[in-house]
Amino acid sequence: MAALSCHFHCAIQQLPRNARVRPSFTCSVRPSQNNIKVVVNGAAKEIGRAAVVAVTKARGMEVAGAVDSYFIGEDIGKVCDMEEPLEIPIMNDLTMVLGSISQSKETGVVVDFTEPSAVYDNVKQATAFGLKSVVYVPRIKLDTISALSAFCEKASMGCLVAPTLSIGSILLQQAAISASFHYNNAEIVESRAHATDLPSPDAVQIANNLSNLGQIYNREDIATDVLARGQLLGEDGVRVHSMVLPGLPSSTTVYFSGPGEVYTIKHDITDVQCLMPGLLLAIRKVVRLKHLVYGLEKFL
């Protein structure tokens with residue numbers, strides 16, 4: 001976002017005793033030299049386009065590069081249907097984009113929306129040019145995260161790997177952990193408009209969080225092999241039921257029950273815009289990191 005620069009000028013001359021002095025103001029709009037330079041890798045994707053618009057509107061940061069294998073050479077502002085072009089062409093060479101930004105010696109962040117197999121090399125490239133990374137790529141393997149953590153620790157370079165950018169999803173996970181200490185029965189029901197990779201990363205994350213607490217859930221039903229009872233994740237009795245129907249919002253509901261009561265926590269996602277506040281928070285936080293952080297939880 002462009003910064004507003006205002007200059008105050010007051011000129012006093014020899015005037016009659018009762019005359020008033022009118023100060024003059026001049027204002028000009030110019031790009032701030034302290035903005036975080038953001039490169040969006042995967043810029044042509046739906047979430048990439050939303051990120052370009054969000055970063056452009058945000059204070060203290062600006063889009064400095066757009067990388068994708070689609071719409072190569074086209075202005076990313078036009079691809080995002082913005083009112084004015086950003087004069088930033090989409091390129092398919094991350095190294096070239098990073099090189100042009102590193103020459104300015106300003107703070108830079110690469111936002112990675114690519115694929116699990118590309119993340120490690122992308123972070124290494126960003127680090128080589130002095131840029132930090134925010135990674136939002138579902139289904140990253142634990143081995144990749146471990147390797148990235150070791151690499152970032154050795155390079156003293158910050159990287160934030162976010163399993164979700166939805167603040168609402170994070171709050172649901174935290175509420176589920178709190179509730180798990182008070183209930184012995186827990187199940188997860190999710191809905192999606194399309195049959196992608198199920199159960200979803202959000203459902204798996206919640207189930208793993210609950211399983212890591214060392215409690216056994218649904219003791220009376222844990223041994224059932226009835227398929228209609230959903231998929232059992234782990235050995236702690238947490239089951240996930242995935243429902244797919246066109247038109248449904250992406251929804252995650254966690255049910256807890258105890259004697260005489262049912263406690264329900266639900267979170268719906270209706271648009272990719274819900275991920276943008278978390279993304280902007282991640283960009284602002286990663287510039288201060290010198291190692292890898294997994295998740296946004298500690299910044300909320």
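Helices here are DSSP runs of H or I with at least four residues, strands are DSSP runs of E with at least two, and both are numbered from the N terminus. With that in hand, Phe-71 can be placed in the loop between strand E4 (61-67) and helix H2 (76-79). The model is a predicted one, and the description below moves from the whole chain to helix packing and then to individual residues.

Taken as a whole, the protein chain holds 8 helices and 14 strands. Of its 300 residues, 43% are buried. The exposed surface of the chain comes to about 16,700 Å², with carbon and sulfur atoms supplying 53% of that area. Contacts reach well along the sequence: among those between residues at least 6 apart, 69% link residues at least 24 apart.

Two helix pairs share helix H4 (residues 119-128), which packs with helix H3 (residues 94-102) and with helix H5 (residues 142-155). For H3 and H4, the axes come within 9 Å and cross at roughly 25°. That angle is under 35 degrees, the cut-off for roughly parallel, and H3 and H4 are therefore roughly parallel to each other. The crossing of H3 past H4 is right-handed. On the H3 side the contact is built from Leu-94, Thr-95 and Leu-98, and on the H4 side from Asn-122, Gln-125 and Ala-126. Sorted by class, this contact has 3 nonpolar residues, 3 polar residues and no charged ones.

The pairing of H4 with H5 has an angle of about 10°, with the axes 10 Å apart. H4 and H5 are therefore roughly parallel to each other as well. Here H4 brings Val-119, Tyr-120, Val-123, Lys-124 and Thr-127, which meet Thr-144, Ala-147, Leu-148, Phe-151, Cys-152 and Ala-155 of H5. By class, the H4 contact with H5 counts 8 nonpolar, 2 polar and 1 charged residues.

Two of the H4 residues just named turn up again around Ser-133. This serine sits in strand E7 (residues 132-135) and is buried, at a relative accessible area of 4%. With neighbours within four places in sequence set aside, Ser-133 is in contact with Val-110, Val-123, Ala-126, Gly-158, Cys-159, Leu-160 and Val-286. Of these, Ala-126 is part of the H4 contact with H3, while Val-123 belongs to the H4 contact with H5.

A little further along, Pro-138 lies in the loop between E7 and H5. Pro-138 is partly exposed, with 40% relative accessible area. Leaving out neighbours within four places in sequence, Pro-138 is in contact with two other prolines, Pro-116 and Pro-201. Its C-alpha atom is 8.6 Å from that of Ala-162, a residue 24 places away along the chain.

Gln-173 offers a buried residue in a helix. It lies in helix H6 (residues 167-180), and its relative accessibility of 5% makes it count as buried. Not counting residues up to four places away in sequence, Gln-173 touches Thr-164, Gln-205, Ile-206, Asn-209 and Glu-297. Val-254 is 81 residues away from Gln-173 in sequence, yet their C-alpha atoms are 9.2 Å apart in space.

The backbone has a few spots worth a look, and these fall in loops. Leu-198 and Pro-199 are joined by a cis peptide bond, with omega at about -5°. Pro-199 is in the loop between strand E9 (185-192) and helix H7 (201-211). H7 also takes in three of the residues contacted elsewhere: its span of 201-211 covers Gln-205, Ile-206 and Asn-209, which are touched by Gln-173.

Positive phi values in residues other than glycine appear at Phe-71, where phi is near 55°, and at Glu-87, where phi is near 60°. Back in its loop between E4 and H2, Phe-71 is partly exposed, with a relative accessible area of 43%. Glu-87 is found on the other side of H2, in the loop between H2 and strand E5 (90-91). Glu-87 is exposed, with a relative accessible area of 70%.

Note on methods
Residues are numbered from 1 along each chain as its sequence is written. This is a predicted model: local features need pLDDT of at least 70, side-chain atom pairs count only at pLDDT 80 or more; totals for chains, interfaces and linings use all residues. Side-chain values use heavy atoms; hydrogens and water are left out. Axes are lines fitted to C-alpha atoms, for helices over the stretch in contact, and angles run from 0 to 180 degrees between N-to-C directions. Angles under 35 degrees count as roughly parallel, over 145 as roughly antiparallel, 65 to 115 as roughly perpendicular and the rest as oblique. A crossing is left-handed if the near helix is turned anticlockwise from the far one by less than a right angle, and right-handed if clockwise. Contact means heavy atoms within 4.5 Å. Ala, Val, Leu, Ile, Met, Phe, Trp, Tyr, Cys and Pro count as nonpolar, Asp, Glu, Lys and Arg as charged, and the others, Gly among them, as polar. Buried means under 20% relative accessible area, exposed over 50%, partly exposed in between (1.4 Å probe, protein chains only). Accessible areas come from the Shrake-Rupley method with a 1.4 Å probe; for residues, only the protein chains shown count as cover.
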